[in-house]
Structures are given as C-alpha cells and as structure tokens.
Protein chains: 2
Amino acid sequence: MKSEKISDAVVRRLPVYLRFLNELSFREVSTVSSQELGQKLDLNPAQIRKDLAYFGDFGRKGIGYDVAYLIEKIRQILNLDQQINVALVGAGNLGQALSNYNTYLKDNMKIVAVFDASEKKVGQKINSLTVQPIEDLGATVKRFNIRIGIITVPDFEAQRVADQLIDAGIEAILNFAPTILKVPAEVRLHAADFTTDLLSLAYYLGDGKEALTNES
Amino acid sequence: MKSEKISDAVVRRLPVYLRFLNELSFREVSTVSSQELGQKLDLNPAQIRKDLAYFGDFGRKGIGYDVAYLIEKIRQILNLDQQINVALVGAGNLGQALSNYNTYLKDNMKIVAVFDASEKKVGQKINSLTVQPIEDLGATVKRFNIRIGIITVPDFEAQRVADQLIDAGIEAILNFAPTILKVPAEVRLHAADFTTDLLSLAYYLGDGKEALTNES
DNA sequence: TAGATTGTTAATCGATTAACAATC
DNA sequence: TAGATTGTTAATCGATTAACAATC
C-alpha cells in the first residue's frame, strides 16, 4: 500500500506502537503478532494490521512482525531516523517539567533551546540549557535547525509566540496553552491542553443523571 | 433531545465551548451564534448546534445563544455545578506544574491532595498542599470525597498507582505517564501523554517524502 | 415584514471491525 | 501438513456536514 493520505488517527497510534515495541525489544522479544499488540494496547488487531499496512508489508503471514524491523520502519515513518530539534517557549513550571523529559523521550527528538519573555528567567539554567530571551528566537531557530516548537506560556501570550515561531520557520507546534491558536495550513498544530481533558472527565462522574445502564 | 448516548468527541468539545463562553462573558458579550463560535474555535457551526442540542434547546432561533445561560447549562452538564475534588499522585516537576493550574482552572475543580512515594517529597509544601505518603491515599480520598485522580508518576509506577486510586474508589483518572493503563470499565480513563503528541508531530515535518501536494 | 439563526433530518464522509484468501 | 497470522476487501459503525423548515 502506498500514496493514500494517512489520517491523523493512524499517525497518532504510531508512537504508541513504537513505545511498546521498544519495551519488547528491551525484553529481547523478537516477534510480535497484531493480536498481542492489540491486547496490550487496547486496540483491535485488524486496526493495527491496517495501520501498518499503509506504510508497507512489514509482517510475515503465520509469524507476525519482527520487533527490531518494525521499530526501524516506524522510526523512519515518523522521521525519527534523523535528529529533530525542538524549541520550548515558556520556562515556567510546565516548561521545566517538560524539559526534564528530554532524556526520557529521546528517540531522536531533543529540546535544544528554551525561551522566556521574562527577564528573571533569561540566563537561568534549565537542565543544562540556558534560557534565552524571546527576541533571539528567530536567529536560534535558524541556527540550530529547530523544526518543532512547544508552547508553555500563559494563554494570552500563546498566539503571539505561535506567530513568532511561524515567522522563524518552525514546521509544527505543540500547544499547552488553553487557547485555540490560528496557524497557516502548512504548520501542523497539536493541542495538548490538559484542562480540557480534566474538565471533560467530570462529565463521566456518576451522578444519578445517567449512572444507570442496563447492567444490573 | 434526550437519552441518546453522547460520544466522547462531543463531551471533549464542551470544555472548549465553556472556556470561550467564559471569555465572552468576561467581555460582557451577552449573545453568541453558532457561526461566531465556529469561527473562533475552528469548528463547523452545525456541529456546535448539534452538540448543544443533545442536551437541550439552549438557543433561540434568529438570535443565537445567551452566553450566561449557556455557561450555566454546560457547567451543569459537566457536573461543575458542584465542587469536584481531585488528587494528584506524583509530586515531581510535572505534578508541581499541574498543581499551579489549581487557581487557573478553577471552574469548581480543585486539587485537594498531593501524594508521592518518595520520603524526600513527603511533608514538602506544594502550593499550600502538604505532600502525603501514598499509603494515606485510600483514607484521604474517602475523607475528602476525591473523585478524580491525576497520575504524574514515572511510567513503571503508573499501573500500581492507578490500582490504588481505583481501590480507593476514584471514578476517573487522567494519566500523564506514557503507558497504557488497564482499568475497569466503570472507571473513566483519559490519556494525557505528551510524548505521543510530540512524536506524532514529527510525521508531518516536510521531508520530500510527501511534502509536495498539488498546490503550486 | 425581512433577515438571522436555531434544531434536526438526511447526506456524506471517514474510521473501525469482521472476514477470509494467501501464505509462512 | 496443520496452525497461525498477515494484508486487504467488504461491512459496519459513527461522526461530520449540508440543507432547510420553523421561528425569533
């Protein structure tokens, strides 16, 4: 299979596959079936096979998928066979927390620069990175070939920061601020706003309202 | 409209509506149409009308929606007309960052207890809350009627913490650890793992692979 | 009244799942 | 060979969007 357009739902599952495959690899498991994957990841095995088949024939009938080979392929698909440099804008608590994941998420993605608007923050060290003034954003993005920006500034600054990132030539943005950003179509934007997640959870709290289903 | 089962996609948009409506209210805008909402939130107006109509006839033909009334209704739908107590497990950087949003997200959701397994953390103050040992989780959850748990512990501890939260009678979990948790069907689980988000962004980086579309 | 906008049905679009021939 | 499992088509399911009568 080739040259269909891949839906975002599919793309978002690839890192989930990758993560579990890495774990299997670490445990020296060499082969895995879509059924095992599905069980562990709470996904339908047919869906997993279909997802992978968009990108190539990675499995072997009767056998399953070779773990090492599939890891390699998914990393290629996700462009993680090259180092991807990331900028973090906003050196507050959340920004600092994210920068700690630097080692953790490795996988060739790396936060290589941290920016903040506040004079107090500029010059501080965060995980071996020195916080730079926002004014340096354009120059630094170009110099280090930074392609993804993470926004962890307060919501009222988020759009401005996004605009600056886009001006600097960034290709994708992960936005933690609880606001809807406007970006040109060629810039990929993912929202990572946890307040939305948390508030929506409240809907499901039992309440009498609709706690009763037809079981028992 | 009543008594259809509401999809999660719909539920997750409600906090987004609520947030923007709060902003309108602050700006003393009293009425809003689905078209305006759609424009601002990047959603189809028909979808917004349909979403809201699942829960009642909140709008007025020819006029639109009364901002204050709609806020009240959405808050009721999301169970935010009562205070919802939240526990945070994991007082690391991310946990501390989230607890700072306490004031921010208000809306009747409140982190009222913080837990950590490490002796170093226990007893420390985080935003006026004293970090408690995980052993106290069951008792504290019951005493304070805590209904939602946020997990910000390392991935290898996440399942154990989830089990403890569930034992304690929690009804919903927001999981920041990059791992798939197994929870019983009656517990609502949302994943808030930003590494997945970030890795999936890399897929969209221009690369020659599929950078060329039919524009230009 | 004329213009605007809802609530809702029908049409469309897209994503998930089932089923199975191919084949290891 | 018999059993297992893929890749893929067809069926199903669900979500989004268009269209429009009702009505403010």
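## Exercises: two chains around DNA strand D

In this predicted model, 24 residues surround DNA strand D, and the closest are A:Ser34, A:Arg49, A:Gly59, A:Tyr65 and B:Ser7. Let's work through it.

**Exercise 1.** Work out which parts of DNA strand D face the protein, and which classes of residue line the surface near the strand.

*Solution.* Start with the DNA side. Take the atoms of strand D within 4 Å of the protein: 64% of them belong to sugar or phosphate, and the rest to bases. Now flip to the protein side. The surface near strand D has 10 charged, 9 polar and 5 nonpolar residues.

**Exercise 2.** Find which helices and strands supply at least two residues each to the surface near DNA strand D.

*Solution.* From chain A, pick out helix H3 (45-53), strand E2 (59-60) and strand E3 (64-66). Then add helix H3 (45-53) of chain B. Which one gives the most? That's H3(B), with 4 residues.

**Exercise 3.** Track down polar contacts to DNA strand D, using a cut-off of 3.5 Å between N or O atoms.

*Solution.* Go for the bases to begin with. An N or O atom in the side chain of A:Arg49 sits 2.9 Å from a base oxygen of strand D. A:Gly62 uses a backbone N or O atom instead, 3.1 Å from a base oxygen. Next, try the sugar or linking oxygens: one of them is 2.9 Å from an N or O atom in the side chain of B:Gln47.

**Exercise 4.** Describe how H1 (residues 8-26) packs against H3 in chain B, then check chain A.

*Solution.* In chain B, the angle between H1 and H3 is about 105°, and their axes are 10 Å apart. H1(B) and H3(B) are therefore roughly perpendicular. On the H1(B) side you'll find B:Val10, B:Arg13 and B:Tyr17; they meet B:Gln47, B:Ile48, B:Asp51 and B:Leu52 of H3(B). By class, this contact has 4 nonpolar, 1 polar and 2 charged residues.

Over in chain A, H1 and H3 pack at about 105°, with axes 10 Å apart. Here A:Val10, A:Arg13 and A:Tyr17 meet A:Gln47, A:Ile48, A:Asp51 and A:Leu52. The count comes to 4 nonpolar, 1 polar and 2 charged.

**Exercise 5.** Work out how chains A and B are related, and through which surface they meet.

*Solution.* Lay chain B on chain A: a turn of 180° with a shift of 0.0 Å along the axis does it, at an RMSD of 0.0 Å. The two copies are thus related as by a two-fold rotation axis. For the interface, 100% of chain B's interface residues are also interface residues in chain A, so the copies meet through the same surface.

Terms used. Residues are numbered from 1 along each chain as its sequence is written. Chains are lettered from A and ligands numbered from 1 in the order in which they are written. This is a predicted model: local features need pLDDT of at least 70, side-chain atom pairs count only at pLDDT 80 or more; totals for chains, interfaces and linings use all residues. Side-chain values use heavy atoms; hydrogens and water are left out. Copies are superposed by least squares on the C-alpha atoms of residues with pLDDT of at least 70 in both. Contact means heavy atoms within 4.5 Å. A residue is near a molecule or strand if one of its heavy atoms lies within 4 Å of it. A polar contact is a pair of N or O atoms within 3.5 Å; within protein, one must be able to donate a hydrogen and the other to accept it, and residues adjacent in sequence count only if both atoms are side-chain atoms. Ala, Val, Leu, Ile, Met, Phe, Trp, Tyr, Cys and Pro count as nonpolar, Asp, Glu, Lys and Arg as charged, and the others, Gly among them, as polar. Axes are lines fitted to C-alpha atoms, for helices over the stretch in contact, and angles run from 0 to 180 degrees between N-to-C directions. Angles under 35 degrees count as roughly parallel, over 145 as roughly antiparallel, 65 to 115 as roughly perpendicular and the rest as oblique.
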